Amino acid sequence: MRKLILTLAIALFGIGVYAQKYAFVDTEYLLKKIPAYESATQQIEQSSKKWQKEVEALNAEAQTLYKNYQAEMVFLTDAQKQEKEKEIVAKETEASELKRKYFGNDGELFKKKESLMKPIYEELYNALKGIAESKGYSAIWDRATGMIMFVNPNIDISDDVLNKMGYAQ
């Protein structure tokens with residue numbers, strides 16, 4: 001029994017000697033306290049609403065064209081029907097392209113978010129990095145997202161793992 005307690009004490013002491021310091025932050029809390037973030041969020045929301053209205057207006061035009069087409073269909077010749085159908089498809093395509101332009105993966109909304117938020121996130125990261133270095137933290141986790149916000153590169157063992165697996169650096 002004494003050996004077990006002694007072994008546990010030595011193990012805990014040994015772990016304590018090599019223990020790393022970690023910290024947590026709450027980025028939701030931090031960002032709410034940064035005036036530039038609130039301003040950027042409002043600008044993004046205003047642009048998003050404006051662009052959404054434009055897309056919805058084009059979709060409404062396409063819907064009106066379709067309803068008119070359905071009401072007039074019995075009176076139209078085949079050539080007129082084809083012309084109206086092309087007009088409807090063109091309006092739907094225009095709405096779809098506008099939506100992609102504004103809200104697509106590389107759309108205006110993405111670009112606006114990146115241009116407004118990137119400086120804020122960089123400032124936050126630099127503050128976290130500075131605190132981590134000055135207080136000796138090995139890593140800082142974000143409670144809001146569960147993501148690691150900063151990791152001291154000195155504790156990265158990726159090259160050691162490659163060497164152990166037999167792959168050269």
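## A first look

Which residue in strand 3 does Ile140 stand opposite? Its partner there is Phe150. That pairing is one small detail of a predicted model, and it's a handy place to start before stepping back to the rest of the chain.

The protein chain has six helices and three strands. Going along the sequence, you meet them in the pattern α-β-α-α-α-α-β-β-α. There are 169 residues in the protein chain, and buried ones make up 19% of them. About 13,100 Å² of the chain is exposed, with carbon and sulfur atoms supplying 56% of that area. If you take the contacts between residues at least 6 apart in sequence, 66% of them join residues at least 24 apart.

## The three strands

Strand 2 (residues 137-142) has partners on the list twice over. Strand 1 (residues 21-25) runs parallel to strand 2, and five bridges join the pair. Here Val25 stands opposite Asp142 in strand 2. Strand 3 (residues 148-151) runs antiparallel to strand 2, with three bridges joining them. Besides Ile140 and Phe150, you can look for Trp141, which stands opposite Ile148 in strand 3.

How many of the six residues of strand 2 are buried? Five are, so strand 2 is largely enclosed by the rest of the structure. As for the way from strand 2 to strand 3, the two form a hairpin with five residues between them. Gly146 sits in that turn and has a positive phi of about 80°.

## Around Thr27

Now move to helix 2 (residues 27-32), where you'll find Thr27. Is Thr27 buried or exposed? With a relative accessible area of just 8%, Thr27 is buried, because the cut-off for that is under 20%.

What does Thr27 touch, once its neighbours within four places in sequence are set aside? The contacts are Leu124, Asp142, Ala144, Thr145 and Met149. One of these, Asp142, is the strand 2 residue that Val25 stands opposite.

## Helix 4 and its neighbours

Helix 4 (residues 78-103) is 26 residues long. From its first C-alpha to its last it reaches 37 Å, close to the 38 Å expected at 1.5 Å a residue. Its buried residues are Ile88, Lys91, Ala95, Leu98 and Tyr102. And what do they pack against? The answer is helix 3 (35-72) and helix 5 (108-135).

You can also follow the link to helix 3 through Gln63, which has its place in that helix. Gln63 counts as partly exposed, at 43% relative accessibility. Along the chain, Gln63 and Glu92 are 29 residues apart, yet 8.6 Å separates their C-alpha atoms.

## Salt bridges

Side chains of opposite charge can pair when their charged atoms come close. A search of the whole structure turns up five salt bridges. One of them links Arg143 and Asp26, whose closest N and O atoms are 3.5 Å apart. Arg143 is in the loop between strand 2 and strand 3, while Asp26 is in the loop between strand 1 and helix 2, so this pair ties together parts that are 117 residues apart in sequence. Arg143 is exposed, with a relative accessible area of 60%, whereas Asp26 is partly exposed at 22%.

Other salt bridges stay inside a helix. Lys49 pairs with Glu45, the closest N and O atoms being 3.3 Å apart. These two are four residues apart in helix 3, which means about one helical turn separates them. Glu45 is partly exposed, at 43% relative accessibility. In helix 4, Glu94 pairs with Lys91, with 3.6 Å between the closest N and O atoms. Those two are three residues apart, again separated by about one helical turn. Glu94 is partly exposed at 38%, but Lys91 counts as buried at 19%. Salt bridges that share partners join Glu61, Lys91 and Glu94 into one network.

## A nonpolar patch

Finally, take a look at the surface. Ile157, Val161, Leu162, Met165 and Tyr167 form a nonpolar patch there, and together they have about 480 Å² of accessible area. Tyr167 is in the segment after helix 6 (158-165). With a relative accessible area of 49%, Tyr167 is partly exposed.

Key:
Residues are numbered from 1 along each chain as its sequence is written. This is a predicted model: local features need pLDDT of at least 70, side-chain atom pairs count only at pLDDT 80 or more; totals for chains, interfaces and linings use all residues. Side-chain values use heavy atoms; hydrogens and water are left out. Patches are made of residues with over 30% relative accessible area and no salt bridge: like charges are joined within 9 Å, nonpolar side chains (Val, Leu, Ile, Met, Phe, Trp, Tyr) within 5 Å. Accessible areas come from the Shrake-Rupley method with a 1.4 Å probe; for residues, only the protein chains shown count as cover. A salt bridge is a side-chain nitrogen of Lys or Arg within 4 Å of a carboxyl oxygen of Asp or Glu. Buried means under 20% relative accessible area, exposed over 50%, partly exposed in between (1.4 Å probe, protein chains only). The expected span of a helix is 1.5 Å times one less than its number of residues. Contact means heavy atoms within 4.5 Å. Two strands pair if DSSP finds at least two bridges between them.
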